[in-house]
Amino acid sequence: MDTPAHEHWTDLTVRRPDDVRTITCRRVSLSWRMEKRAGHIDRLMNRTLPEDFPDPVERGDAGDVLAVLALSESIRRDLAARRGGDIREAILLGATWTQIAAAIDATPDEARAVLRDWTERQHQLHQREVERGRPLGSDADRHASVLALIELADDEPKQPEHEHPRR
C-alpha cells in the first residue's frame, strides 16, 4: 500500500506508544503497527548473523529495540481496550462465560469483571460525550443490556439476536 499516509507512517520514527497517533491524531491500524514492528525485529535478528554474511543486511540498533517496545505497548493497549467489546460480542453471538473464560485464560467471574469494567467505561464515555453533542459510548439502555449479559450463568448461552454492529 503506497498511500501518502502509509508512506508517512513507514518513515515515521516511533519511540513512544502515542507516536502512532501522529498521522491523523487517531490510532494507526494494528496491521500497519505489526508490519513496522516486524521490520524492526528483522533488523534486530540480523545482529545474530555472522559478520562475514555474504548478503548486505541492516543490523538493528537501540532505536530498533525502542521502536519494538513502543509499538508493542501501543498494540497491547489497543487490544486491552477492545477486550470487553470482544467479550460482549462473543456473548451476543452465543458463547458462554465458560467458553470466554477459557479463551482468555481466566475464570468466568474474571471475564465478567472485564466486561463490567468495559461497559462502565463506555457508559461514562457516553455521559461525557452526549454533553458535547457526540453520541459515543453506551447509552443507559445499552449499558443495562450489557449488565444483563453479566448475569447469565457460566454455561448459559444467550440466544443470538440480530443487532447493529458494535460501535
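**Exercise 1. State how much surface the protein chain exposes and what share carbon and sulfur atoms supply.**

Step 1. The protein chain exposes about 10900 Å². Accessible areas come from the Shrake-Rupley method with a 1.4 Å probe, and for residues only the protein chains shown count as cover.
Step 2. Carbon and sulfur atoms supply 53% of the exposed area.

The model is predicted: local features need pLDDT of at least 70, side-chain atom pairs count only at pLDDT 80 or more, and totals for chains, interfaces and linings use all residues. Residues are numbered from 1 along each chain as its sequence is written, and side-chain values use heavy atoms, with hydrogens and water left out.

**Exercise 2. Describe the confidence of the prediction along the protein chain.**

Step 1. pLDDT is the predictor's confidence in each residue, from 0 to 100. Its mean over the protein chain is 89, and 91% of the residues reach 70 or more.
Step 2. Among the elements, the lowest mean pLDDT, 86, belongs to helix α1 (residues 4-11), and the highest, 98, to helix α4 (residues 97-103).

**Exercise 3. Give the secondary structure of the protein chain, and explain why the protein chain is described as more spread out than a compact globule.**

Step 1. There are 6 helices and 0 strands. Helices (H or I, at least four residues) and strands (E, at least two) are DSSP runs, numbered from the N terminus.
Step 2. Along the sequence the pattern reads α-α-α-α-α-α.
Step 3. The radius of gyration is 21 Å, well over the 15 Å that the globule rule gives for 167 residues, so the protein chain is more spread out than a compact globule. This radius is taken over C-alpha atoms, and the rule is 2.2 Å times the number of residues to the power 0.38.
Step 4. Taken along the principal axes, the C-alpha atoms fill a box of roughly 65 × 40 × 25 Å.
Step 5. Buried residues make up 32% of the 167 residues. Buried means under 20% relative accessible area, exposed over 50%, and partly exposed in between (1.4 Å probe, protein chains only).

**Exercise 4. Find where histidine 123 lies and which residues it touches.**

Step 1. Histidine 123 is part of helix α5 (residues 108-130). With a relative accessible area of 13%, histidine 123 is buried.
Step 2. Not counting residues up to four places away in sequence, histidine 123 touches Ser138, Asp139, Ala140 and His143. Contact means heavy atoms within 4.5 Å.
Step 3. Alanine 140 is 17 residues from histidine 123 in sequence, and their C-alpha atoms are 7.1 Å apart in space.
Step 4. Now take serine 138, found in the loop between α5 and α6 (140-150). Its relative accessibility is 2%, so serine 138 counts as buried.
Step 5. Serine 138 touches Gln122, His123, His126 and His143, again leaving out residues up to four places away in sequence.

**Exercise 5. Examine the backbone at aspartate 105, and decide whether this residue is buried or exposed.**

Step 1. Aspartate 105 sits in the loop between α4 and α5.
Step 2. Its phi is positive, about 55 degrees, although aspartate 105 is not a glycine. Most residues other than glycine have a negative phi.
Step 3. Aspartate 105 counts as exposed because its relative accessibility is 74%.

**Exercise 6. List the contacts of alanine 111 and alanine 153 beyond four places in sequence.**

Step 1. Alanine 111 is in helix α5 and is buried, with a relative accessible area of 0%.
Step 2. Outside four places in sequence, alanine 111 touches Ile87, Trp97, Ile100, Ala101 and Ile104.
Step 3. Alanine 153 lies in the segment after α6 and is partly exposed, at 41% relative accessible area.
Step 4. Leaving aside neighbours within four places, alanine 153 is in contact with Trp97 and Arg112.
Step 5. Alanine 153 and tryptophan 97 are 56 residues apart along the chain, and their C-alpha atoms are separated by 7.3 Å.
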